[in-house]
Amino acid sequence: MAKKLIEEGSIFVGSNIIKHLGNDVFVISNSSGNIAADNISGDNPSAKQEEQLCSGLSKIRLSNIKKWDTESLKDSFENALYLMSDTGSDAKKLANHFFSGAGKMFIFNDTTNISKEIKESDEFKNFTKSLLAELKKEMGDGSLKKENKNGTYDILRITNVSLPFYDVLSVVGKNDDAAAILGGIQLAIVKYELYKNDNKTYTVELPSFYFYDSFGAGWEDACNTLKSYANGLVSMFVLQHYRNIGDKTKYQPFVIGVEINF
């Protein structure tokens, strides 16, 4: 069946928003503009906040690790990331970017291990299948652009398709870049090509995917969860929230982008 390309563009998947703050620094927020704790740095949480958000052994562990010197904290975090990740060189690059990258975005192109790993995963394949099914509903009028009343167009946003999630607990006993580095993807920008077939039906193809997530430590990394028992994650939290007061170059969370092409 012959087909003709009639439209190409991009769509957003997910309800989150990515904001450019300047100088290659980006932040991800929810649709209301609220930023999660893993995107925040240098806030120096108070004893009251620790009391509210940490309890029992978690509180004791956080208090003890806060007493470590900076080099010990850095070593603890870097070693944990190295042990969980599949590619040691990528783990080291990420750690160094956290230490001194001033919060700039870090991109994994489609030749990297994490890109190949996601592309081959069942989570990605299920996501693509669900997204294509939803786009088939949207392209009934021969377009995937969102038309406004004034005749202009906005990028279509799909919010009812779940983004791939890679559970960090799945790295126990094995190495897994997607789980160790990303976990839950927060936003996707997907390029599409829309074709009209000879029989007047439409076909959509997805040649490129760009996944985005925040690389930082929130309270779930420091307290009251199974993963907070990893000293390396608590060390990252301490560096990000306590050890960079007034210094925007060190220990800053940042947005990770992963590119996948077909």
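Here are a few friendly questions and answers about this predicted model.

Reader: Happy to start with the basics: how many helices and strands does the chain have?
Author: Both kinds of element occur in the secondary structure of this chain. Its tally is 9 helices and 10 strands.

Reader: Which strand pairs with S1 in the antiparallel sense?
Author: Strand S1 covers residues 3–13. Its antiparallel pairing runs over 10 bridges, and the partner covers residues 187–197. That partner is strand S8.

Reader: And which strand runs parallel to S1?
Author: This pairing with S1 has 2 bridges. The partner covers residues 157–158, and it is strand S7.

Reader: Which residue of S7 stands opposite Val13?
Author: Val13 has a counterpart in each of two strands, so let's take them in turn, with a bridge in S8 and one in S7 as the setting. In S8, Val13 faces Ala188. In S7, the residue opposite Val13 is Ile158.

Reader: Thanks! What share of the contacts with a separation of 6 or more comes from residues 24 or more positions apart?
Author: Contact here means heavy atoms within 4.5 Å. Among contacts with a separation of 6 or more, the share from residues 24 or more positions apart is 72%.

Reader: What percentage of the residues is buried?
Author: The chain has 262 residues, and buried means under 20% relative accessible area. By that cut-off, the buried part of the chain is 45%.

Reader: Lastly, how far apart are the mean positions of the positive and negative charges?
Author: The chain carries 30 positive and 34 negative charges. Taking the mean position of each set, the distance between them is 3 Å.

Notes: Residues numbered from 1 in each chain as written. Predicted model: local features only at pLDDT ≥ 70, side-chain atom pairs only at ≥ 80, totals over all residues. Heavy atoms only, no water. Helix = DSSP H or I, 4+ residues; strand = E, 2+ residues; numbered from the N terminus. Buried < 20%, exposed > 50% of the residue type's maximum accessible area, 1.4 Å probe, protein only. Lys, Arg positive; Asp, Glu negative; His and termini not counted. Charge placed at Lys NZ, Arg CZ, Asp CG, Glu CD.
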